[in-house]
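Trainee: I should like to go through this structure and ask, for each term applied to it, what justifies the term. Could we begin with the vocabulary of charged pairs?

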Amino acid sequence: MSDAVQDYAHEVVHEDHGPAKGLRRWLFTTNHKDIGTLYLWFSFLMLLIGGSMALVVRAELFQPGLQFVDPQFFNQMTTNHGLIMVFGAIMPAFVGLANWLLPMMLGAPDMALPRMNNLSFWILPFAFGLLISTLFMEGGGPNFGWTFYAPLSTTYAPDSVTFFIFGVHMMGASSIMGSINIIATILNMRAPGMTLMRMPLFVWTWLITAYLLLAVMPVLAGAVTMMLFDIHFGTSFFSAAGGGDPVLFQHIFWFFGHPEVYIMILPAFGIVSQIIPTFCRKPLFGYDSMVYAVASIAFLSFIVWAHHMFTVGMPLAGQLFFMYSTMLIAVPTGVKVFNWVSTMWRGSMTFETPMLFAIAFVVLFSIGGFSGLMLAITPADYQYHDTYFVVAHFHYVLVPGSLFSIIAAVYYWLPKWCGKMYDEGLGKLHFWLSFVGVNVTFFPQHFSGLAGMPRRIPDYALQFADFNMLSSIGAYVFGFSQVLFLYIVIKTIKSGEPATGRVWEAAHGLEWTLASPAPYHSFTHPPKVVLAEAHS
Amino acid sequence: MPAHGKTAAKLMLIVVGMFGFGFALVPLYDLLCEVTGLGGRTGGQYVIDPATHTVDKTRLVRVNFITNTNAGMPWAFWSEKGGVRVHPGQPKFVKFFVRNPTDRVMIGKAVPSVAPMRASGFFHKTECFCFEHQMLQPGETLELPMRFIVDSQLPKNIDSIHLSYTLFDVTEIAASAPVGAQASPVEADAKPIGAD
Amino acid sequence: MTKTVWGALSGGLATLACSGVALGDELNMPVGVTDVSRKIYDLHTDILLICVVIGLVLFSAMLWSIVRHRKAAGYEAAQFHENTRLEIAWTLIPVAILIAIAYPATRVLIDIYDTGGEDLTIEVRGYQWKWQYKYLDEDFNNTFGFFSTLTTSQDEIQNRTTKGEHYLLEVDNPLRIPTNRKVRFLVTSEDVIHAWWVPDFGIKRDAVPGILNEMWTIVQEPGVYRGQCTELCGKDHGFMPVVVEVLPEDEYDAWYTERVVAEKVRREALTRTFTGDELMAEGQRVYNTFCVACHQPNGQGVPPVYPALAEGLVTTGPRDRHIRTVYEGLPGTAMQAFGRQLDARELASVVHYERHAFGNNVGDITQPRDVINLMEGE
């Protein structure tokens, strides 16, 4: 670390005698630990709100017929469930983990740009307050799917669509600023001896994810700006009437949208790559391959977008290209799965809660990956596209995929953050309820989709009834077990058993050399990086 | 922290660049569509080169004319014939008609699309009313001529080409656009309601 | 064995049981009744099997490891952490498997794109929230067309009566096509993006406003086949099914001839005079097909987006303005230009109905020729 950083760290230590008190602390903090905490609590709140919307959807789909909501409101629920989970729960949770962990893993005193860090967070409550408030506006909130295709989202949209666009702009700005911060931190603030190929996998995955975010969030901003112009300023980017093209919207959206889903999974890969070695008491298998695999996935993610559009009317050459490129992504992803299994192989395993979630991740994410490979086959996709088969696929990779990795990360690192151990019995209960719940919810959806049930419908034909009922039951089990998780987290923070510095017998990484809870300002002096301590 | 400032500035370049790229996708997409025929685009005005022009008398290609009106557009829109048979390379003239049945002045615009997509590069319009604003008085009917040539190099396995026009109401957005300068209003037999 | 292992085993078994069921009826993709649908089904089964096999191998290895390589059983961790040859192997073998799948998939796709030589062309137009089918003769002239709208009653949807067998998958006018002839569909939309799908045919295509898409099918077995709109298109996206009745060729030809005659009869009827009762009956049919989704069965609408027709300004006001509103639609609102969807008789009937239902009783009468004179006269 440079002299300049060391001086800065000194200043911080001498001028500041601990965190401020009360609300001011949280409003004005520039401390990465506080900001990480803010992001994580915010994302948990969004998980519960977005989850409640899903429970409204699943209540309506419990039986055929319309029982609880009208179709227009149902469309608002599915749309906002998607928007809130993607932009409000999963992404901010990963940013929160990045904030808490990156400086500690790198031996840095804080993030590179602490004040911008604060701004990045505080934009989000405003953005989501605006988004959620649209549900109460006249005409209702966004009801055109989280993918908001034109012209349903332009010419035919409710008046609140303008607020939706502003909300998306704000969320994008937050992500972009966060990514700049993350890259600057990783590139400029590693402790001496921490070369790039000695960084923990979580740091690598976030470095690559941050570049993906910088590349595609501006494209999303462009897409919604074009929408704004079409709606209010008489342009015709997406309107055939004016010489525009609704299909152009889909290309621009999915050029963002596909890398976006990798943005939501790469940090999960990093987390799992740290947790599994710890509980196997064995180093991660194939560290170098793991890094190259993440980089390949990120690169490939830019050239597969039209697999979301196979039925839109594309020339044969286009269909073949996107089929091949999409199938190809299975290769580096498979490499990662094989490496995790090889890490487990001939380890000396224990099964604490983080490990349970991590193992479940490997199995269930792989199932999601398999359905993804099936979707890549273009002619077969004609039968899968816009059915519940797709819904099953992406929920498998996002829920027992991304979300389980976030939950695993919380169990794994919470003792470091707050100095107290969670209750292992309750943690395991939460795991089994979630595991059963998530599978009962989403596995049957593969069948509903294959049998012909389309997406985004509030009512369905009778042959889909049984699996919908099953799925709804699973959803309620899964949903309420996250309330158990909330209880577990609060109980830990308030009255958990004190945790040691190392916390986990075989944990490796600079963060585990700190006391638990980690001091408010850690690594004010850069540590010496010993290879054995660098990463799992 | 100077190092962070420099890093941040370089990264902002990526951000600004990608924002611009998003907007650049608009003309890029148009270009790609014209080159590949994606979306059934029929390309710009076509000029016959007498030196290289040939007519393939060995086969006839069926051309289908489809007239659509967008759901919010009340004009009647029809073609003189549902379809024609032409030799590839043979220039053909067909008439389309639009009628404004409302009691207010309106402006309409027709947007073309060709299927199959592979054929759109071989379907050349030498005179077309597409994309032009057509202003009609209440009750007025207008005849819209269209001339086209199917390229003599049309692949042998394409035996029918479908040309669809979708007519949109652009009265609101057509503040200062050029008006189509086509044939005089024709008192044609009014198209029976609902028969198109 | 510990709870962990039991849990994993039961979870795995439950999943396997479910996949066993997957091979059953109504839980798997249909084999379908066309060459294309069969080929797609085969591709689907092949890739599914490959995934299941790879999954079983992977998850068995994990299970074995979880059982054997545990600290509680006293197992000591090995420390190996790389093997370049293994990495290369499990990079190249998957690539080979992918190529093995990509080859047949490419062939099927090329077959699907072979669009020439059709025997029958039908236009498919998506609207919010119904389909319109228009038949073209061999010179591509329109012969006849009709709308195909959901007939499942609100009573069934709102759980007031038991649901019928084809709940949400039944229409007033199904599309009819012949067996063993190549039918080409020309698909577009007149408002937002919709998608037309019949699982048993193995074809699905988006209906995009301003763009003409095409697809084709050759159905080998007669029967009734049902599908749905598969692109979110607004409020009633789940309520615009696709129903296709495939008839043996001679039956189809007979039906087609009848329909052409019926079309002539329909046009002639446009000049007739109808009684009030006839207009009310036809008007109610038209209203319940085209207007009820927005204006509601009782004419209450859903203000402010869908105005009420009961005691409405337009429906109890001047008749000509009422006709124009229905015919022309209202720009900038969801009210479509029904003059392009309904003929003069349907328009006259629904106007008459709206003026004398929902508690309205204007006391006038509207004949098809009134509509023609107003909208077609100079």
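Mentor: A salt bridge is a side-chain nitrogen of Lys or Arg within 4 Å of a carboxyl oxygen of Asp or Glu. Please keep in mind that this is a predicted model. Between domain 2 of chain C and domain 3 of chain C, the count is one salt bridge.

Trainee: What makes the pair C:Asp343 and C:Arg266 a salt bridge?

Mentor: The N to O distance between the side chains of C:Asp343 and C:Arg266 is 2.6 Å. The limit is 4 Å, and the pair joins an Arg nitrogen to an Asp oxygen, so the term applies. Polar contacts are counted separately, and eight residue pairs between domain 2 and domain 3 of chain C are in polar contact, with both residues at pLDDT 80 or more. On the domain 2 side, helix H5 (residues 249–269) of chain C gives the most to the surface that touches domain 3 of chain C, with three residues. By class, that side of domain 2 of chain C has three nonpolar, two polar and eight charged residues.

Trainee: Where do the bounds of these domains fall in chain C?

Mentor: Chain C is divided into domain 1 (3–71 + 82–112), domain 2 (123–268) and domain 3 (270–376). The centres of domain 2 and domain 3 of chain C, taken over C-alpha atoms, are separated by 25 Å.

Trainee: How do you know that domain 2 of chain C and domain 3 of chain C are in contact?

Mentor: Contact requires heavy atoms within 4.5 Å. By that rule, 13 residues of domain 2 of chain C are in contact with twelve residues of domain 3 of chain C. The two domains of chain C bury about 990 Å² between them, with 48% of this on carbon and sulfur atoms. C:Lys130, C:Phe147 and C:Arg266 supply 36% of the area that domain 2 of chain C buries against domain 3 of chain C, more than any other three residues. C:Arg266 is also the residue that meets C:Asp343 in the salt bridge.

Trainee: Let us turn to the chain interfaces. Why is the pair C:Arg321 and B:Asp103 called a salt bridge?

Mentor: The closest N and O atoms of C:Arg321 and B:Asp103 are 2.8 Å apart. With the limit at 4 Å, the pair therefore qualifies. Across the interface of chain C and chain B there are six salt bridges, and 24 residue pairs are in polar contact, both at pLDDT 80 or more. The side of chain C that touches chain B divides into 16 nonpolar, eleven polar and 19 charged residues.

Trainee: What is the area buried between chain C and chain B, and which three residues of chain C supply the most?

Mentor: The area is about 3,600 Å², of which carbon and sulfur atoms give 47%. C:Phe140, C:Leu212 and C:Arg340 supply 21% of what chain C buries against chain B, more than any other three residues. The contact takes 46 residues from each of chain C and chain B.

Trainee: How many salt bridges cross the interface of chain A and chain C, and what qualifies C:Lys71 and A:Glu505?

Mentor: There is one salt bridge across that interface. The closest N and O atoms of C:Lys71 and A:Glu505 are 3.2 Å apart, and because the limit is 4 Å, the pair counts. In addition, 29 residue pairs across this interface are in polar contact, both at pLDDT 80 or more. H11(A) gives the most to the side of chain A that touches chain C, with 16 residues. That side of chain A has 62 nonpolar, 24 polar and eleven charged residues. Chain A and chain C bury about 8,200 Å² between them, 70% of it on carbon and sulfur atoms, and the contact takes 97 residues from each chain.

Trainee: Why can one say that A:Arg281 and A:Glu505 tie together separate parts of chain A?

Mentor: A:Arg281 forms a salt bridge with A:Glu505, the closest N and O atoms being 2.8 Å apart. A:Arg281 lies in the loop between helix H9 (266–280) and helix H10 (287–300) of chain A, and A:Glu505 in the loop between strand S2 (497–498) and helix H17 (531–534) of chain A, so the pair links parts that are 224 residues apart in sequence.

Trainee: Finally, why are A:Phe361 and A:Phe365 called stacked?

Mentor: The structure holds 86 aromatic pairs over all chains. The ring centres of A:Phe361 and A:Phe365 are 5.4 Å apart and their planes are at 0°. Centres must lie within 6.5 Å and planes under 30 degrees apart, so the pair is stacked. Being four residues apart in helix H12 (residues 353–376) of chain A, A:Phe361 and A:Phe365 are separated by about one helical turn.

Conventions:
Residues numbered from 1 in each chain as written. Chains lettered and ligands numbered in written order. Heavy atoms only, no water. Domains from an automatic or database assignment. Buried area = accessible area lost by both parts, 1.4 Å probe. Polar contact = N/O pair within 3.5 Å; in protein donor to acceptor, adjacent residues only side chain to side chain. Helix = DSSP H or I, 4+ residues; strand = E, 2+ residues; numbered from the N terminus. Nonpolar A, V, L, I, M, F, W, Y, C, P; charged D, E, K, R; others polar. Phe/Tyr/Trp six-rings, centres within 6.5 Å; stacked < 30°, edge-to-face > 60°.
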